[in-house]
Amino acid sequence: MSVRWLIALCLTACGVAAAAEPAGSIPAAGPTSRVLRAGDSILNIEVVDPPTAARSRELQDWAAEAAGAALAAFGRFPLPTATVRIEQRDSRDSSPVPWGQTLRRDGVSVLLFPRPNAGLQELRGDWTAVHEISHLFHPYLGSDGRWLAEGLASYYQNVLRARVGLMTQADAWKALDAGFGRGRREDSGLPLDELSRRHRGTMRVYWAGAAFWLEADLALRRGGSSLDAVLSRYSQCCLRGTGESDPRDFIAELDRVGGDGVFGRLYERYADSREFPSLDGAYRTLGIEAGPEGLTFSPQAGEARLRRAIMGTRPARETGTP
Ligand SMILES: [Zn+2]
């Protein structure tokens, strides 16, 4: 599935911008950038100082596949234009991608810093690229809204990778559940928005945040909508790549474009919560049971359908032409 996504992207949407190479020069490392188009949205992929043409292509393929996962939300990139910049960097961290971040200056850039010796399969198995690209779905929300921002990226990094086959649906639920477990172990008793503001309690900030978006998604689906649908409308009417939005304004906009009060009600419950929220109701709705042997999934048709609606693989999608 993931390969089909990548092929669909490249057949319909990729242009490769290669720098002109002077005759007789030492072969350059090859084209360093690629342009992905989906509808009227563009995502540029740039590789900084690639050592070889083959490695440049490999890194572009990795980022293009992660970008394809982002299209599994609503078929467009959230912003009209953004750039993913990849720069290899040595690190003592054994992770394939020890560092990534989103920059919002003149334009919006996702920066990814993979280890030079991380192979394509290792990179494909890593969550960082999809997490960072998922930050494009929301505006910059400042320190107060860090829990909303990191929560959305942490929720979507699993949902979107499952949808394009970069991980199985069961593994995506397990990864979310493991994250919720890490969040639950943070027991400072401080309100979530205070942890967020003070850059403390990282695990609760990220995973209580992810729980917020899961609960919102379930509530919206009960009413026949979904988080994808609301974020799609928000990206068309209101999303700005640069500048800062107040978290409460963001939540109010989401409710205005289709949330119908779901986001505001959850926000009031979550923002000043002093412990990890109970997800018992959400797990019952999804037919997921957490036991000593790990997660079990109910075979009941409605519950299985709901789980598939969130995590199920999507057919390859035409990404549109320029
Ligand atoms: Zn993040």
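**Notebook: contacts, strands and helix packing**

I began with the contact map: of the contacts in the protein chain between residues at least 6 apart in sequence, 67% join residues at least 24 apart. I count two residues as in contact if their C-beta atoms, placed from the backbone, lie within 7 Å. The model is predicted, so I took local features only at pLDDT of at least 70 and side-chain atom pairs only at pLDDT 80 or more, while totals for chains, interfaces and linings use all residues. Residues are numbered from 1 along each chain as its sequence is written.

**Entry 1. Inventory.** I listed 13 helices and 8 strands in the protein chain. Helices (H or I, at least four residues) and strands (E, at least two) are DSSP runs, numbered from the N terminus. I then looked up burial: 41% of the 322 residues in the protein chain are buried. The cut-offs are 20 or more other C-beta atoms within 10 Å of a residue's own for buried, 12 or fewer for exposed, and partly exposed in between, with C-beta atoms placed from the backbone.

**Entry 2. Strands 2 and 3.** I followed the side chains along strand 2 (residues 33-38). Arg34, Leu36 and Ala38 point to one face and are buried, whereas Ser33, Val35 and Arg37 point to the other and are not. I note that in a regular strand side chains alternate between the two faces of the sheet. Strand 2 runs antiparallel to strand 3, and 6 bridges join them; I call two strands paired if DSSP finds at least two bridges between them. Ser33 has Glu46 of strand 3 as its bridge partner. The two strands form a hairpin with 2 residues between them, and Gly39 in the turn has a positive phi of about 60°.

**Entry 3. Strand 4 and its neighbours.** Strand 3 (residues 41-48) is joined to strand 4 by 7 bridges, and the two run parallel. Ile42 has its bridge partner, Thr81, in strand 4. I traced the connection: the chain goes from strand 3 through helix 2 (residues 53-74) to strand 4, a left-handed β-α-β crossover. A crossover is right-handed if, with the strands pointing away from the viewer, the path from the first strand over the helix to the second runs clockwise.

Next I checked the faces of strand 4 (residues 81-87). Ala82, Val84 and Ile86 form the covered face, and Thr81, Thr83, Arg85 and Glu87 the uncovered one. Strand 4 also pairs with strand 6 (residues 108-113), in the parallel sense over 4 bridges. Arg85 stands opposite Leu111 of strand 6.

**Entry 4. Helices 6 and 8.** Helix 6 (residues 169-184) packs on helix 8 (residues 202-222) at about 130°, with the axes 8 Å apart. Axes are lines fitted to C-alpha atoms, for helices over the stretch in contact, and angles run from 0 to 180 degrees between N-to-C directions. Helix 6 and helix 8 are therefore oblique to each other. Angles under 35 degrees count as roughly parallel, over 145 as roughly antiparallel, 65 to 115 as roughly perpendicular and the rest as oblique.

The crossing of helix 6 past helix 8 is left-handed. Residues making the contact include Leu176, Gly179 and Phe180 of helix 6 and Tyr206, Trp207 and Ala211 of helix 8. A crossing is left-handed if the near helix is turned anticlockwise from the far one by less than a right angle, and right-handed if clockwise.

**Entry 5. Helices 8 and 11.** The axes of helix 8 and helix 11 come within 10 Å and cross at roughly 150°. Helix 8 and helix 11 are therefore roughly antiparallel. Helix 8 passes helix 11 in a right-handed crossing. I found Ala208, Phe212, Glu215, Ala216, Ala219 and Leu220 of helix 8 meeting Val262, Phe263, Leu266 and Tyr270 of helix 11.

**Entry 6. Positive phi.** I looked up two aspartates. Asp49, in the loop between strand 3 and helix 2, has a positive phi near 50°. Asp49 counts as exposed, with 10 C-beta neighbours inside 10 Å. Asp260, in the loop between helix 10 (247-259) and helix 11 (262-271), has a positive phi near 55°. Asp260 counts as partly exposed, with 16 C-beta neighbours inside 10 Å.

**Entry 7. Two arginines.** Arg248 lies in helix 10 and is partly exposed, with 14 other C-beta atoms within 10 Å. From Arg248 to Asp144, 104 residues away in sequence, I read 9.8 Å, C-alpha to C-alpha. Arg305, in helix 13 (residues 301-311), is exposed, with 11 other C-beta atoms within 10 Å. The C-alpha atoms of Arg305 and Leu286, 19 residues apart along the chain, are separated by 8.9 Å.
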